[in-house]
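Visitor: I've got a model open and a pile of labels I'd like to poke at. Can you walk me through what earns each one?

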Amino acid sequence: MSDTSSKEHPPQLLDRVVIRFAGDSGDGMQLAGDRFTTSSALLGNDLATFPDFPAEIRAPAGTLAGVSAFQVHISDHDISTPGDAPNVLVAMNPAALRANLDTLPPGATIIVNVDAFEERNLRKAGYEVNPLGDGSLSAYTVYEVPMTSITTEVSKDAGVKPRDAERSKNFFALGLISWLYTRPVEATAAWVNERYADKPLVQEANLRALKAGFHFGETAELFESSYEVRPAELAPGEYVNITGNTATAWGLIAAASRSGLPLFLGTYPITPASDILHELSKHKEFGVRTFQAEDEIAGIGAALGASFGGALGVTTTSGPGIDLKAEMIGLAINLELPLLIIDVQRGGPSTGLPTKTEQADLLHAMYGRHGEAPLPIVAPKTPSDCFAATLEAARLAVKYRTPVMLLSDGYLANGTEPWRLPEIDELPVIDPGFATGTNHVDGDGVAAFWPYLRDPDTLARPWAPPGLAGLEHRIGGLEKEDGTGNVNYDGANHERMTRLRAAKIAGIANDIPPTELDPGEGDAAILVIGWGSTYGAIAAGVQRARARGHQVAHAHLDHLNPFPADLGDVLSRYEKVLVPEVNLGQLSRLLRAEYLVDAISFTQVKGVPFRAASMESAILELINARGVGPVPGGPSEGAPPAEHPGRTFPSNGSNGKVAD
Amino acid sequence: MTDLADAPTGDQAVAVPLTTRKDWSSDQEVRWCPGCGDYSILAAVQMLMPELGVRRERTVFLSGIGCAARFPYYMNTYGLHSIHGRAPAIATGLAATRPDLDVWVVTGDGDSLSIGGNHLIHALRRNINITILLFNNQIYGLTKGQYSPTSEVHKVTKSTPFGSLEQPFNPLSLALGAEATFVARTHDMDRKHMMEVFRRAHAHRGASFVEIYQNCNVFNDGAFEAITGKDQRADMLIPLVHGAPIRFGTEGQRGVVMRTDGTVEIVDATSVDESELLVHDEHRDNPGLAFQLSHLAAGPTEPTPVGIFRDVERPEYGTEMRRQVDQVIERRGPGDLHHLLRSGSSWTVE
């Protein structure tokens with residue numbers, strides 16, 4: 001089926017394409033997108049994906065609220081985002097068309113399941129007139145394919161009930177798009193065989209639909225030609241396509257393996273973090289213990305208890321879950337025990353946007369506890385980077401005996417990209433460095449164990465899990481005497497301990513790499529600096545600006561607390577510093593506070609990642625405005641935005657610019 | 001990844017050393033109010049430990065917040081004084097990963113029945129291998145005298161000057177409702193009884209729940225005097241003895257029978273045949289009868305059963321968790337990181 005060489009028209013070459021599969025929540029669009037992605041990955045394309053689905057498990061069928069979409073960007077060169085705008089939209093019903101139309105550039109291709117464009121569905125999607133017939137889609141190339149009827153027809157003699165057969169229409173769409181972009185379907189067919197081995201009727205219906213879709217493309221003469229996106233020139237190595245959540249789970253297993261510590265995950269299910277629990281719970285052969293607790297507090301509490309016992313304690317959460325964990329994080333900071341807190345950020349406040357991405361927990365991670373309670377913060381920048389970032393977070397937690405916050409987000413969690421697999425031997429080794437004996441001799445010459453006698457270099461205290469005689473000790477949330485760890489309420493001791501805890505975390509700056517900086521060529525005057533999942537969009541926006549002949553530098557922060565030791569120097573080298581974030585300007589506040597730099601905040605909070613185009617225009621605006629005073633639309637601090645004279649906007653404390 | 005429970009710490013080869021109460025006492029000055037019932041509980045525990053044949057380095061005392069929660073500082077063992085109500089949650093992670101440890105959770109009525117109620121019931125339900133000592137003084141002591149979830153209705157306290165409106169929890173009924181596998185009650189005026197109950201609680205594999213009536217002589221003095229006072233005990237405490245008819249009173253003149261509707265009542269034992277008295281069975285699988293016994297007294301002013309209400313066997317969580325891990329390792333072999341990373345569809349770029 002993958003042999004397309006005999007066709008009259010050879011496939012046209014494309015360097016990249018963005019395809020968006022959209023349908024009802026129950027239409028299986030995530031599955032279709034995922035399988036298409038896998039085929040493309042196996043073909044060697046570079047790719048990035050963006051699943052975009054509603055919080056409701058099954059919103060009313062046919063409605064706008066129920067539309068679920070999966071966007072995939074495949075390319076023959078290195079790409080960093082799932083694409084700003086789809087070149088192709090597959091719309092399984094009118095609602096899917098309507099919900100996604102405004103993302104389509106003129107000239108884009110729309111493939112609709114024409115069977116679904118009947119009166120009832122049109123009405124549910126809010127169409128009074130069928131858009132397929134009123135000329136409203138004249139800017140696009142529209143293909144009307146009777147997906148439901150062909151899918152039902154091909155399974156008619158297979159003993160599948162028509163209602164059940166219809167459910168395979170996502171495989172028809174997948175087959176059709178596979179033909180259109182010259183992807184073989186064998187791998188998907190094999191997957192269907194395995195996945196539905198115990199449901200032979202479903203298996204058969206899906207296979208028939210898949211083949212029917214492929215053959216439809218080949219024989220219907222609807223399409224002028226098929227297309228091909230050649231493999232990208234990726235660095236040699238073995239690759240997998242991986243989501244951020246899977247990479248995080250594997251990173252945890254790697255951290256346990258490289259430290260020799262048993263892994264214990266205490267957690268409570270919450271979107272979009274739950275997949276880390278799901279993935280880890282499959283891998284008990286690594287000694288992994290996963291514990292689904294009664295609530296978020298018990299999840300982190302059990303993890304801390306496991307850490308006290310000498311395990312690598314981990315908790316995962318999202319959204320309001322991180323609020324609930326604050327008290328236990330404070331205890332972990334005071335106990336000075338290793339603990340990993342993985343926050344897969346989502347839109348807030350409160351329940352907010354459970355399935356949509358946001359980066360708005362940075363200040364919570366920094367400051368969301370009572371008292372002086374610093375902890376290290378690490379942020380992955382791409383789905384596959386979640387692996388290395390998790391390992392790094394574990395390294396810091398164990399070495400410095402501290403809770404560490406890893407700030408992933410919904411986009412990284414569910415998005416995918418090809419990941420060149422590391423050699424296991426190259427992964428860092430984490431030494432638990434357990435206490436092995438007494439560490440102090442008292443005035444009477446008696447050996448004692450002081451649980452808060454610190455390593456002079458790292459300021460970390462000894463980690464002595466129960467089990468060793470002579471090291472029995474008591475720790476707790478009350479302030480402790482420096483050294484002995486005994487309860488102590490003395491003011492001078494508290495000041496000393498508070499400063500020691502702060503110095504321990506601040507000192508990590510000397511143990512992390514310098515700022516990751518892509519300076520570009522020549523003397524850039526503008527630095528774009530971001531953190532976490534904005535990496536791809538910033539990199540793409542910077543590349544576009546450079547392609548127009550501008551010199552722009554890009555720095556990206558993996559460590560948010562402490563910052564790399566050279567960050568102040570890096571910032572001072574640039575005339576303008578632009579800080580794009582999917583929040584209202586949290587990193588920009590930290591940079592301003594820490595380095596007195598006039599950081600210009602550029603933000604959006606739409607539940608979706610930045611587009612490369614909006615990043616590009618923000619950079620270009622700044623370039624155009626350079627040297628002629630404040631950025632248009634981005635007045636200096638304190639003044640109301642120019643376009644809304646007289647209105648008092650809630651200031652985010654920096655120059656407020658809003659993305660597209 | 002080794003299991004820490006298996007880690008060679010050297011002590012397995014050496015016989016458990018003989019110890020005295022002093023060995024189990026830390027060098028920290030005990031700072032409860034003079035006359036507090038906590039002192040006698042601490043003494044009972046410290047005196048019991050040498051008799052248990054256990055190692056200090058394999059013993060952990062864990063607590064939350066409250067007067068009782070200072071307990072770990074006074075034990076020369078490993079200890080963790082945590083945050084309000086969360087000790088059972090922290091203990092769950094510790095006990096689940098370290099089945100080799102004896103984990104004791106010391107808590108109070110505010111700590112584990114108010115802010116930590118959720119963790120308590122789930123630790124009991126899961127049958128985590130911990131021994132919970134709940135010091136019930138029916139008052140908030142550390143915050144200086146507010147009513148607690150075990151304070152009686154109409155209780156006048158600092159926060160209820162016109163009387164409490166709340167129905168109190170019956171801690172034993174709650175534990176039994178959560179399907180706890182070991183449930184017992186003792187009181188701070190009888191060291192021998194405490195030690196015996198603690199010994200049994202420690203011997204039980206799984207979650208053991210012990211309610212200790214404890215006098216707070218500052219904020220709720222005499223709350224249990226009517227039943228635990230030396231002169232009252234014989235008539236007001238009903239000792240539960242496995243396999244024996246339930247009777248009490250100086251002459252054993254009163255007893256407990258089961259009514260036809262399944263509830264229990266106190267009767268004049270001299271007026272009924274011995275065979276009609278309820279014979280106590282700790283091991284009864286159904287917690288219903290133990291629940292009835294926990295309801296025999298409406299509060300510590302009426303004849304109240306003490307001793308072991310329930311002691312049944314059920315798989316213990318940490319052991320089961322470990323068994324599952326072992327089974328998977330046996331089936332699949334130990335995990336290999338190299339293979340894990342290639343467990344999906346991988347492809348090679350030359």
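Guide: Here is a short chat about the labels in this model, which is a predicted one.

Visitor: What makes Arg123(A) and Glu119(A) a salt bridge?

Guide: Their side chains come to 3.6 Å, N to O. The cut-off is within 4 Å for a side-chain nitrogen of Lys or Arg and a carboxyl oxygen of Asp or Glu, so the pair qualifies. Both Arg123(A) and Glu119(A) are exposed, too.

Visitor: Why are Arg123(A) and Glu119(A) separated by about one helical turn?

Guide: Because they sit four residues apart in helix H3 (residues 119-124) of chain A.

Visitor: How many salt bridges are there over all chains?

Guide: By that rule, 45. Some link up into a network, such as the one holding Asp84(A), Arg544(A), Arg548(A) and Glu616(A).

Visitor: How do you know whether Arg592(A) is buried or exposed?

Guide: Look at its relative accessibility, which is 14%. Buried means under 20%, so Arg592(A) counts as buried. This arginine forms a salt bridge with Asp598(A), with the closest N and O atoms 2.7 Å apart.

Visitor: And over in chain B, what do the side chains of Arg200(B) and Glu282(B) meet in?

Guide: In a salt bridge, at 2.9 Å from N to O. Arg200(B) lies in helix H6 (residues 191-203) of chain B, while Glu282(B) is in the loop between strand E10 (264-268) and helix H9 (288-294) of that chain, so the pair ties together parts that are 82 residues apart in sequence.

Visitor: Why is Arg200(B) called partly exposed?

Guide: Its relative accessibility is 24%. Partly exposed runs between the 20% and 50% limits, so that is the label Arg200(B) gets. Glu282(B) has 4%, so it counts as buried.

Visitor: Now the sheet with E16(A), E9(A) and E12(B): what is the order of its strands?

Guide: It runs E16(A)-E9(A)-E12(B), an open sheet of three strands with antiparallel pairing.

Visitor: What makes strand E16 of chain A and strand E12 of chain B edge strands?

Guide: Strand E16 (416-420) of chain A and strand E12 (346-349) of chain B each have a single partner strand, so one side of each is left without a neighbour in the sheet. On average, neighbouring strands here are turned by 35° against each other, direction ignored.

Visitor: How do you know that E9(A) and E16(A) pair?

Guide: Two strands pair if DSSP finds at least two bridges between them, and strand E9 (residues 237-243) of chain A has five to E16(A), so they pass. One bridge partner to note is Pro418(A) in E16(A), opposite Asn241(A). Helix H9 (residues 244-259) of chain A packs on the sheet, touching E9 and E16 of chain A, and its direction makes about 115° with that of E9(A).

Visitor: Why is H1(B) called oblique to H6(B)?

Guide: Helix H1 (residues 37-52) of chain B and H6(B) pack at about 55°, with axes 9 Å apart. Roughly parallel needs an angle under 35 degrees and roughly perpendicular needs 65 to 115, so H1(B) is oblique to H6(B). The contact includes Ala44(B) and Leu48(B) of H1(B), and Met195(B) and Phe198(B) of H6(B). The crossing is right-handed.

Visitor: What makes helix H4 of chain B largely enclosed by the rest of the structure?

Guide: Seven of the ten residues of helix H4 (residues 117-126) are buried, so the label fits. Among them are His119(B), His122(B) and Arg126(B). Right after H4(B) comes Asn127(B), with a positive phi near 60°.

Visitor: Which residues other than glycine have a positive phi in chain A?

Guide: Examples include Glu336(A), with phi of about 55°, and Leu596(A), with phi near 50°. Glu336(A) lies in the loop between helix H13 (326-335) and E13 of chain A. Leu596(A) is in the loop between helix H20 (586-595) and strand E25 (600-603) of chain A.

Visitor: Are Glu336(A) and Leu596(A) buried or exposed?

Guide: Glu336(A) has 1% relative accessibility, so it counts as buried. Leu596(A) has 81%, and exposed means over 50%, so it counts as exposed.

Note on methods:
Residues are numbered from 1 along each chain as its sequence is written. Chains are lettered from A and ligands numbered from 1 in the order in which they are written. This is a predicted model: local features need pLDDT of at least 70, side-chain atom pairs count only at pLDDT 80 or more; totals for chains, interfaces and linings use all residues. Side-chain values use heavy atoms; hydrogens and water are left out. Buried means under 20% relative accessible area, exposed over 50%, partly exposed in between (1.4 Å probe, protein chains only). Axes are lines fitted to C-alpha atoms, for helices over the stretch in contact, and angles run from 0 to 180 degrees between N-to-C directions. Contact means heavy atoms within 4.5 Å. Angles under 35 degrees count as roughly parallel, over 145 as roughly antiparallel, 65 to 115 as roughly perpendicular and the rest as oblique. A crossing is left-handed if the near helix is turned anticlockwise from the far one by less than a right angle, and right-handed if clockwise.
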